[in-house]
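Visitor: I'd like to learn how to read a helix and a surface patch in a model like this one. Could you walk me through it?

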Amino acid sequence: MNALVPLPVLLPLCATGVSLAFGVRLARFQRFISVAVLTAVLALSVTLMIAADRQGPLSVHLGDFAPPLGITLVADRLSGLMLTVSSAVTLSVLVYSLGQGMADRDKETPVAVFHPAYLILVAGVSLTFIAGDLVNLYVGFEIMLVASFVLLTLGGTGPRIRAGSTYVIISLFSSMLFLTAIAMTYAATGTANFAQLALRLPDLPLGVQTLVQAMLLTVFAIKAAVFPLAAWLPDSYPTAPAPVTAVFAGLLTKVGIYCMLRTETLLFPGNRLGDLLMAVALASMIVGILGAVAQTDLKRLFSFTLVSHIGYMVFGIGLATREAYGGAIFYVAHHITVQTSLFLVAGLIERRGGTNELTRLGGLARSAPLLAVLFFVPAMNFAGIPPLSGFIGKLGLMRAGVSDGSVWAWILVAGATVTSLLTLYVMAKIWNLAFWRTEPPGQAAYGTVLETADDSDDDEGPGPDRVPGTGDEGVGPAPAGRTVAATLQGQAVTTTVRPPRAMTAATAGAVVLGLAFTVLAGPLTAFTDRSAAELISRRPYVEEVLGP
């Protein structure tokens, strides 16, 4: 069973080579390769999760080199759960993007680089979840960075290039800080292996331990978009194609949360920076949700709610109790699926209504009832309405805060309650503006060819009173939205009454997956509790890597 541990990384990497070799010449085969590999990765992830739960952590030393030499990969309960949820989400988003690409006729103007970049991204995410040392964790981050820049700038439009450049600059700063922290850790302990660091770091002076811990937390907080290191996110994600935004917002930020969980429990037990974590958790919740309240662009609104709800997970890490870790792990799994679902729905709304601007939308509950259902279910789940999984996750974290009983814990419980109520208000605002109220007179009609992102950058291009591509420039109603990010290529798209079936089916699959966390709440809560106990114990992980 240990031999299966590297496969979630190796399979996407090998498929990337095959996909590049065939390129656009066999586009259907390229799609088949992507779907088949991600399906296999999902099956492997489920197998590893079940095996780790029954047998304890699984590990493999590539090349049979003992630590600190060689590459150590480890799959425990937390890694298995993260691999499973991420695989399911990336598969859903891939199906969504295939449906979108076929609807946009990418047979004529293919984006051959999408599939290789997407597979590389999956490989990078998987590597971060099973990395057994800081160096390979860093490599996973860099793999994700390369793939992310390609995906964020698909189509090569001005807004996407700017957003991708911002993301890369922030990520490069984070990488430099990460490398410095790794170098300091290796110089002080002689290893970067997690299991060995768990034994050697306590022998260092307290100041050195705290410095390394603070540097690593800063790196992971940037990746997770924790306030005040989240300023880059609302500007970087909304301009990307809908499926790219969905997987970035739903999954990549949780990679940072996973790294915080792993290092805080295995390398720095004792919660020395717990008060600091709870302070930034509270700031993330409040600032993020207030930012969401002020937004009328749907993708930017969801981006701010993402920052806000990251605060819940940091709250659990800051409390550092078994109950809190269990609640945080449950909330991470729930949030990946629900946040991804909402961004996929945003892509469908953009395709149906021609814009993400809420003030220009309306009447979708009547004109697109299935789309209304696909939004309403994850929205209520996200807001934490009982008995959905969002409520269960928040309840678990609040109970952990009440059990802790400290001043900070009570403040966070109050902040989490206020944030949850404001989240419900934000979801109700979206429902009222986009779905419930009467359709506004300026809304793009069925069949409207929307303005392209390139047009929006052109001073001589279509203005707000023109309808590009219709032959009615200057006389027709203005198309909603100034910048279209609906297509993979940043090209014009025509609004449709019925979105492509594959896009709808993929979104429905993500919504159902989110509901599965409610149906399976009992077994899943028990699993996350066992994961938390394993993290706090540390012994199973260390003995699996170094031997008893």
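Guide: Gladly! Let's begin with a term: a residue is called buried when its relative accessible area is under 20%, and exposed when that is over 50%. Keep in mind that this is a predicted model.

Visitor: Which residues of H20 are buried?

Guide: Here is the general idea first. An α-helix has 3.6 residues a turn, so residues three or four places apart point the same way. In H20, the buried residues are Ala521, Leu524, Phe527, Thr528, Ser531, Ala532, Glu534 and Leu535. They cover an arc of only 160 degrees around the axis, which puts them on the same side of H20.

Visitor: How does the span of H20 compare with what its 17 residues should give?

Guide: Counting 1.5 Å a residue, helix H20 (residues 521-537) should span 24 Å, and its end C-alpha atoms are indeed 24 Å apart, which agrees. Just after H20 comes Arg538, with a positive phi near 70 degrees.

Visitor: And what does the whole protein look like?

Guide: Its secondary structure comes to 21 helices and two strands. Of the 548 residues, 59% are buried. About 19600 Å² is exposed, with carbon and sulfur atoms supplying 66% of that.

Visitor: Which residues form a nonpolar patch on the surface?

Guide: Val18, Leu26, Phe29 and Phe32 do, and together they have about 340 Å² of accessible area. Val18 sits in helix H1 (residues 7-22). With a relative accessible area of 31%, Val18 counts as partly exposed.

How values were computed
Residues are numbered from 1 along each chain as its sequence is written. This is a predicted model: local features need pLDDT of at least 70, side-chain atom pairs count only at pLDDT 80 or more; totals for chains, interfaces and linings use all residues. Side-chain values use heavy atoms; hydrogens and water are left out. Helices (H or I, at least four residues) and strands (E, at least two) are DSSP runs, numbered from the N terminus. The expected span of a helix is 1.5 Å times one less than its number of residues. Buried means under 20% relative accessible area, exposed over 50%, partly exposed in between (1.4 Å probe, protein chains only). The arc is that of the directions from the helix axis to the C-beta atoms. Accessible areas come from the Shrake-Rupley method with a 1.4 Å probe; for residues, only the protein chains shown count as cover. Patches are made of residues with over 30% relative accessible area and no salt bridge: like charges are joined within 9 Å, nonpolar side chains (Val, Leu, Ile, Met, Phe, Trp, Tyr) within 5 Å. A salt bridge is a side-chain nitrogen of Lys or Arg within 4 Å of a carboxyl oxygen of Asp or Glu.
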